[in-house]
Structures are given as C-alpha cells and as structure tokens.
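I opened a fresh page for this protein and wanted to get to know its layout. Here is what I looked up, entry by entry.

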Amino acid sequence: MRIVVNNVEKKFVDSKKRQVTALQNINFSIEEQEFVVLVGPSGCGKSTLLNIVGGLLSPSSGEVYFEGHSLGKEPKLGIVFQEIALFPWRTVYENVVFGLEEQGASKQVQREKGQHFIDMVGLTGFESAYPKQLSGGMRQRAGIARALAVEPDLLLMDEPFSALDAQSRTIMQEELLSIWNRTKLSTLYVTHNIQEAVYLADRVIVLSRHPGQIKQVIHIDLPKTGRDQDQHRAAFERYADEIWQLIRHDAQEALKEG
Ligand SMILES: Nc1ncnc2c1ncn2[C@@H]1O[C@H](COP(=O)(O)OP(=O)(O)OP(=O)(O)O)[C@@H](O)[C@H]1O
C-alpha cells in the first residue's frame with residue numbers, strides 16, 4: 001500500500017487570534033515498505049503533518065489517501081509518541097493487546113500476537129509488569145509492541161526516543177531497525193535529530209518553517225544495516241552535513257524565537 005499526501009495545507013489560529021500557516025503545499029508519498037523520516041527545526045510542522053497523516057488532525061485543504069487499499073476497509077495505523085501513552089493500570093501484556101481487543105480479536109489471537117510482539121521488542125519476562133515499574137526505554141518498547149500488534153498498514157512514530165538518555169536512544173534506534181528489517185512496515189518517523197534520520201531512513205524529507213514546506217527530499221543510498229560501520233562513515237557524515245546545511249538557518253531562527 002502506498003500513502004499519498006496531496007497538496008496538504010494546515011492553518012491554525014494562534015492565541016492572539018492570528019492565522020498561522022503551519023504547513024503549505026505538502027506533497028509526498030510513502031511507498032510500500034519504505035521508511036520515511038521527516039526532519040526539521042522546532043516548529044516547522046513535523047508533528048502536525050504526522051497527525052494529519054494519522055487522521056488525528058484534518059488538513060485545512062488537501063488530502064491524504066491510501067492507494068491500493070480495499071474499499072470499505074479502514075487502513076490500520078500504529079502510532080508511537082514521544083511520551084508513551086501506556087495505560088498505567090494495565091500490565092505490559094494488557095497494554096500490548098489493547099488494539100487487538102479493540103479490533104475484537106479472540107483471546108487466543110491476542111495471546112499469540114501479544115506474546116510475539118512482546119518477544120520481538122525484547123520484553124519477554126515483563127508481561128505482568130506495570131508501566132511505572134519499567135524504565136523509559138522499556139516503556140517505549142511496550143509502546144512499539146502495542147503499535148505493531150495490530151499489524152498496521154502504516155507505522156507513525158513521533159520522536160519516540162527523544163525522552164531517553166543518549167545510550168538508551170542509540171540502543172533503541174538499533175533495535176527499531178532490527179524490528180523494521182523483520183516487519184518492513186511502511187513508516188513515517190518524525191525527529192529533529194539528523195543522525196537518527198540518516199541512520200533510519202530510506203528517504204529523508206527536510207521541512208523548512210514559517211510556513212512548513214518541503215525544502216528537499218534526500219534518498220539515503222546506504223545499506224539498511226550497518227550504516228554506522230567504518231566503511232559508511234564518510235557517506236553517513238556527508239548526508240548528515242547536507243541535511244544540517246538545509247536546516248541550519250531555520251534552526252537558528254527557531255532558537256531566537258525560543
Ligand atoms: N493546536 C495548535 N494551535 C495553534 N498553533 C499550533 C497548534 N499546533 C501547532 N501549532 C503551530 O504550528 C506550527 C507547527 O507545530 P508542530 O508542533 O507541528 O511543529 P514541530 O516541527 O513538530 O515542532 P517540535 O519539533 O518543536 O515538536 C508551530 O508554529 C506551532 O506553534
């Protein structure tokens with residue numbers, strides 16, 4: 001399935017009743033089994049765009065559609081946010097199977113799929129733990145398992161590791177890539193971390209701000225595994241530098257505006 005974002009524009013009214021154009025003229029697609037990363041400075045509209053693709057916000061104009069999707073059947077989405085919205089009163093297992101329950105899956109299907117994805121994210125043995133008993137990284141793993149459990153057509157991730165310390169973040173990036181290599185889910189991933197974008201993406205979409213527009217699209221022509229190995233270091237840094245040069249000015253402006 002292919003996800004098409006066609007001429008999307010989003011306007012908000014700010015606290016001073018002024019109209020703000022958060023996104024303008026946004027056109028791109030996410031191909032089947034493609035990992036697309038949206039990158040850009042603070043306030044460029046990354047989260048707004050992800051929420052529009054996920055149907056959580058409506059565009060002011062334009063549309064998002066799922067090509068090759070059977071009519072009458074809603075596409076399934078898996079969403080992972082920065083602050084994982086796990087239910088505190090549910091165990092890891094109960095959180096992971098939440099979407100399956102909503103879909104009306106049988107208890108047996110819930111058990112099989114729930115355990116499969118708990119194992120996949122490395123939480124075997126923590127099925128009965130409650131979110132408050134887990135580290136930040138483990139909570140994100142549970143959130144990812146919950147998103148994967150519904151076997152989504154599209155996985156949406158909004159800065160899923162930004163609240164983690166640097167080491168946990170690196171480990172989670174590696175694990176996400178390994179999970180992705182097994183599931184090959186079409187993914188839209190938001191970050192303002194350039195290294196993360198180059199490490200994960202098939203394609204990086206760089207947004208500019210005021211209004212948020214697509215500044216450039218960069219294909220990362222590196223193998224999907226081992227991008228951090230020595231032989232790819234020079235190319236990796238070239239991509240990272242190219243993206244930084246595109247963002248630099250906007251990032252400085254964003255900083256001045258606080
Ligand atoms: N509900 C809202 N009402 C008014 N303005 C909004 C609303 N949501 C977002 N905006 C504005 O739209 C623009 C884009 O915001 P958005 O949160 O999508 O950016 P972002 O790139 O995800 O930022 P960050 O990296 O800081 O999370 C900003 O100028 C923001 O202030």
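The entries below go from the domains to the helix packing, then to the ligand and two backbone details.

**Entry 1: the model and its domains**

I noted at the start that this is a predicted model. I looked up the domain division next, and the protein splits into domain 1 (2–75 + 153–257) and domain 2 (87–152). Domain 1 is thus written as two stretches of sequence, 2–75 and 153–257. Taken over C-alpha atoms, the centres of domain 1 and domain 2 are 25 Å apart.

**Entry 2: where the domains touch**

How many residues of each domain are in contact with the other? I found 13 residues on domain 1 and 9 residues on domain 2. On the domain 1 side, strand E6 (154–158) and helix H6 (166–183) each supply at least two residues. Helix H6 has the largest share of that side, with 5 residues. I also sorted the domain 1 side by class and got 9 nonpolar, 2 polar and 2 charged residues.

**Entry 3: helix H4 against helix H5**

I turned to helix H4 (residues 107–120) and helix H5 (residues 136–149), whose axes come within 9 Å of each other. Are H4 and H5 oblique or roughly parallel to each other? Their axes cross at roughly 140°, and H4 and H5 are therefore oblique to each other. The cut-off matters here, because only angles over 145 degrees count as roughly antiparallel. The crossing of H4 and H5 is right-handed. From H4, the contact uses Lys-113, Gly-114, Phe-117, Ile-118 and Met-120. From H5, the partners are Ala-145, Leu-148 and Ala-149. By class I wrote down 6 nonpolar, 1 polar and 1 charged residues for this contact.

**Entry 4: helix H5 against helix H6**

I then followed H5 to its packing with H6, where the axes are 11 Å apart and the angle is about 20°. H5 and H6 are therefore roughly parallel to each other, since the limit for that label is under 35 degrees. H5 passes H6 in a right-handed crossing. Which residues make this contact? H5 brings Gly-136, Gly-137, Gln-140 and Leu-148, and H6 brings Ser-168, Met-172 and Thr-183. The class count here is 2 nonpolar, 5 polar and no charged residues. I marked Leu-148 in my margin, as it is listed in the contact with H4 and again in the contact with H6.

**Entry 5: around the ligand**

I moved on to the ligand and found 13 residues around it. Phe-12, Ala-22, Ser-42, Ser-47 and Thr-48 come nearest. Strand E2 (19–30) and helix H1 (46–53) are the elements that give two or more residues to this shell. Which element gives the most? Helix H1 does, with 3 residues. By class, the shell divides into 4 nonpolar, 7 polar and 2 charged residues.

**Entry 6: two backbone details**

I checked the backbone last. Asn-25 has a positive phi of about 55°, although it is not a glycine. Asn-25 is found in strand E2, one of the elements that I had already met around the ligand. The other detail is a cis peptide bond, which joins His-210 and Pro-211 with an omega of about -10°. Where does Pro-211 sit? I placed Pro-211 in the loop between strand E8 (203–208) and strand E9 (213–219).

Terms used. Residues numbered from 1 in each chain as written. Predicted model: local features only at pLDDT ≥ 70, side-chain atom pairs only at ≥ 80, totals over all residues. Near = placed C-beta within 6 Å. Helix = DSSP H or I, 4+ residues; strand = E, 2+ residues; numbered from the N terminus. Nonpolar A, V, L, I, M, F, W, Y, C, P; charged D, E, K, R; others polar. Axes fitted to C-alpha atoms, helices over the stretch in contact; angles between N-to-C directions. Parallel < 35°, antiparallel > 145°, perpendicular 65-115°, else oblique. Left-handed = near helix turned anticlockwise from the far one by under 90°. Contact = placed C-beta atoms within 7 Å. Domains from an automatic or database assignment.
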